[in-house]
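Student: I am new to this structure and would like to know how its labels are justified. Where should we begin?

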Amino acid sequence: RPDQVVAVQQISGPESKQKHQTVVFIRQWYPDRFELGPYEELAVVEDDKVDVFKQQLAEHAHIDDANEVAIVRVFPWSGPSLLDVSDLDWDSYKKYMYHDGTLKSLRLSDGDLVIFKDKRVALKELSKEEAAQLKRDEAKKRSTSSGVSSRRERDLKIKTHEDEDKN
C-alpha cells in the first residue's frame, strides 16, 4: 500500500536483541525540575518479573528501588507533554498484573516508551509564568514538528518491482 509508513533507525553495529527480549525506550521523570531525561534504549526479558525491571531502572538511574513505572503507548518522539507527565497513572500495570508478575503484564512492544521516577521526589509547584512558558514551548514543538524524529530515524522510500512495472 502506498500509504504505509515504516520507521528505520541507523545503528552502529549488529543488533544484539534476542527473540525473548523487547526493546523499549526509557526516560526518567524529574518531578522536582519538571523535566524528562534523555531517551535511552533498554532490552528487557519478557519472562522477568516486573520487580526485576523496576530494579534495572533503579540501578540505571541510581535510585534505591523506589521508582514507579508509567507506560506511554505512543511513538517515543511524540510522547506526553511535560504538563501531563505528573498526571500519568503511575504503576497502573498493577491493575492488570498477571498472577506470575512477569513483564508480560505490562504488554510492552518494541519501541514503547517507559517513563519512570523516584517516588520520594516531590513534584515542583509551577508558577503561573512557568506553566505558561511550558505551554508555549509545547505548542512550539508541536507546530515545528515534521513528524520525523530529531534523533536517528529518517524517511525512507523503498521501490519494489511492482513500482517498476507501473512505469
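Tutor: With a term. A strand is a DSSP run of E with at least two residues, and strands are numbered from the N terminus. Gln-21 is found in strand 2. Keep in mind that this is a predicted model.

Student: What elements does the chain have, and in what order do they run?

Tutor: The chain holds four helices and seven strands. Starting at the N terminus, the order is β-β-β-β-α-β-α-β-α-β-α.

Student: Why is Gln-21 called buried?

Tutor: Buried means under 20% relative accessible area. Gln-21 has 15% relative accessibility, so Gln-21 counts as buried.

Student: What is Gln-21 in contact with, leaving aside its neighbours within four places in sequence?

Tutor: Ser-16, Ala-43, Val-44, Val-45, Glu-46 and Asp-110. Contact requires heavy atoms within 4.5 Å.

Student: How many aromatic pairs are there in the whole structure?

Tutor: A search finds two.

Student: What makes Phe-25 and Tyr-39 an edge-to-face pair?

Tutor: Two values decide it. Rings pair if their centres lie within 6.5 Å, and planes over 60 degrees apart count as edge-to-face. The ring centres of Phe-25 and Tyr-39 are 6.2 Å apart and their planes are at 85 degrees, so both conditions are met and the pair is edge-to-face. The two residues are 14 apart in sequence and the pair links distant parts of the chain: Phe-25 is in strand 2 (residues 21-30), while Tyr-39 is in the loop between strand 3 (35-36) and strand 4 (40-45).

Student: How do you know whether Phe-25 and Tyr-39 are buried or partly exposed?

Tutor: Phe-25 has 7% relative accessibility, which is under 20%, so Phe-25 counts as buried. Tyr-39 has 24%, and partly exposed covers what lies between the 20% and 50% limits, so Tyr-39 counts as partly exposed.

Student: What about the other pair, Trp-29 and Phe-34?

Tutor: Their rings are 5.2 Å apart, centre to centre, with 80 degrees between the planes. The distance is within 6.5 Å and the angle is over 60 degrees, so this pair is edge-to-face too. Trp-29 and Phe-34 are both buried.

Student: Which ring does the charged end of Arg-27 sit over?

Tutor: The ring of Tyr-39, at 4.2 Å from its centre. For Arg, CZ must be within 6 Å of the ring centre and within 35 degrees of the ring normal. In another case, the charged end of Arg-33 sits over the ring of Tyr-30, 4.0 Å from its centre.

Student: What makes Glu-35 and Arg-33 a salt bridge?

Tutor: The limit is 4 Å between a side-chain nitrogen of Lys or Arg and a carboxyl oxygen of Asp or Glu. The closest N and O atoms of Arg-33 and Glu-35 are 3.3 Å apart, so they form a salt bridge. Glu-35, at 37% relative accessibility, counts as partly exposed, and Arg-33, at 42%, is partly exposed as well.

Student: How many salt bridges does the structure hold?

Tutor: Three. Another one joins Asp-118 and Arg-120, with the closest N and O atoms 2.6 Å apart. Asp-118 has a relative accessible area of 10%, under 20%, so Asp-118 is buried. Arg-120 reaches 51%, over the 50% limit, so Arg-120 counts as exposed. Lys-124 and Glu-130 also meet in a salt bridge, at 3.0 Å from N to O.

Student: Which residues have the most contacts inside the largest nonpolar core?

Tutor: Phe-53, Leu-57 and Val-114, in a core of 17 residues. Strand 2, strand 4, helix 1 (50-61) and strand 6 (113-118) each supply at least two of its residues. Helix 1 gives the most, with five. Another core of 11 residues lies apart from it, and Phe-25, Leu-113, Ile-115 and Leu-134 are among its members.

Student: Why is Phe-116 called buried?

Tutor: Phe-116 has 2% relative accessibility, which is under 20%, so Phe-116 counts as buried. Phe-116 is placed in strand 6. Its C-alpha atom is 8.9 Å from that of Ala-58, which is 58 residues away along the chain.

Student: What share of the chain is buried?

Tutor: Buried residues make up 31% of its 167 residues.

Note on methods. Residues numbered from 1 in each chain as written. Predicted model: local features only at pLDDT ≥ 70, side-chain atom pairs only at ≥ 80, totals over all residues. Heavy atoms only, no water. Phe/Tyr/Trp six-rings, centres within 6.5 Å; stacked < 30°, edge-to-face > 60°. Buried < 20%, exposed > 50% of the residue type's maximum accessible area, 1.4 Å probe, protein only. Core = buried A, V, L, I, M, F, W, Y, C linked by side-chain atoms within 4.5 Å.
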